[in-house]
Amino acid sequence: MRCSSRPRNWRPDMRVLLCTTDKIGSRIIRAVTWSRWSHAAIIDGNEIIEAIWPRVRVSSLAEAIDTHPRWTVIDIPVADEAAAIAAARSQVGKPYDLWGVLGLGLKRQWQDDDAWWCSELIPWAAKQGGTDLFRPDALRRITPEHLWMLPAP
């Protein structure tokens, strides 16, 4: 018999990469969103699932870390991590939501899953995995900083 050291309320975690560069686009995103981070991606093993111009894609975690001088990994508790990651992977190939990013101050509903920007894909995937990360009335503008501010599991 094998014993577990996990607490009774343990939940699986979805790992998320938060990162930034000193490039002008990154600086603009950080300024507009009042964030220390300009990009967010879901980690799946050695890969990341990310919404980046021009579309949602799967790429290398090592490459993302190498190209971003400042980064961190956070854990977001989800009821079903596999379902959350599968949901994110189902969005690969969908377009980057440039209009959503340009209109961050507008009331675009991120639940419209026809296009994504990086930090809105993550709470959507978590919801597909059975976990609501944010109040429904706050979902119109999720930034990398909002993900950073979530409580640690």
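Ile42 has Ile49, in strand β3, as its bridge partner. This pairing belongs to a predicted model. Strand β3 spans residues 47–52 and runs antiparallel to β2. The two strands are joined by 3 bridges. Together, β2 and β3 form a hairpin, with 2 residues between them. Gly45 lies in the turn and has a positive phi of about 65°.

Strand β2 also pairs with strand β1, residues 13–20. Here 4 bridges join the strands, and the direction is again antiparallel. Leu17 has Ala41 of β2 as its bridge partner.

Burial of β2 was examined next. The strand covers residues 39–44, and 5 of its 6 residues are buried. Strand β2 is therefore largely enclosed by the rest of the structure.

His39 was then considered in detail. This residue is located in strand β2. Its relative accessibility is 8%. Burial requires a value under 20%, so His39 counts as buried. The His39 side chain makes a polar contact with the side chain of Glu50, at 2.7 Å.

The wider surroundings of His39 were also listed, leaving out residues up to four places away in sequence. His39 touches Leu17, Leu18 and Cys19. Contacts are also made with Glu50, Ala51 and Ile52. Cys118 and Pro144 are touched by His39 as well. Among these contacts, Glu50 is also the side-chain polar partner of His39, and Leu17 is the bridge partner of Ala41 in β2.

How values were computed:
Residues numbered from 1 in each chain as written. Predicted model: local features only at pLDDT ≥ 70, side-chain atom pairs only at ≥ 80, totals over all residues. Heavy atoms only, no water. Buried < 20%, exposed > 50% of the residue type's maximum accessible area, 1.4 Å probe, protein only. Pairing = 2+ DSSP bridges. Polar contact = N/O pair within 3.5 Å; in protein donor to acceptor, adjacent residues only side chain to side chain. Contact = heavy atoms within 4.5 Å.
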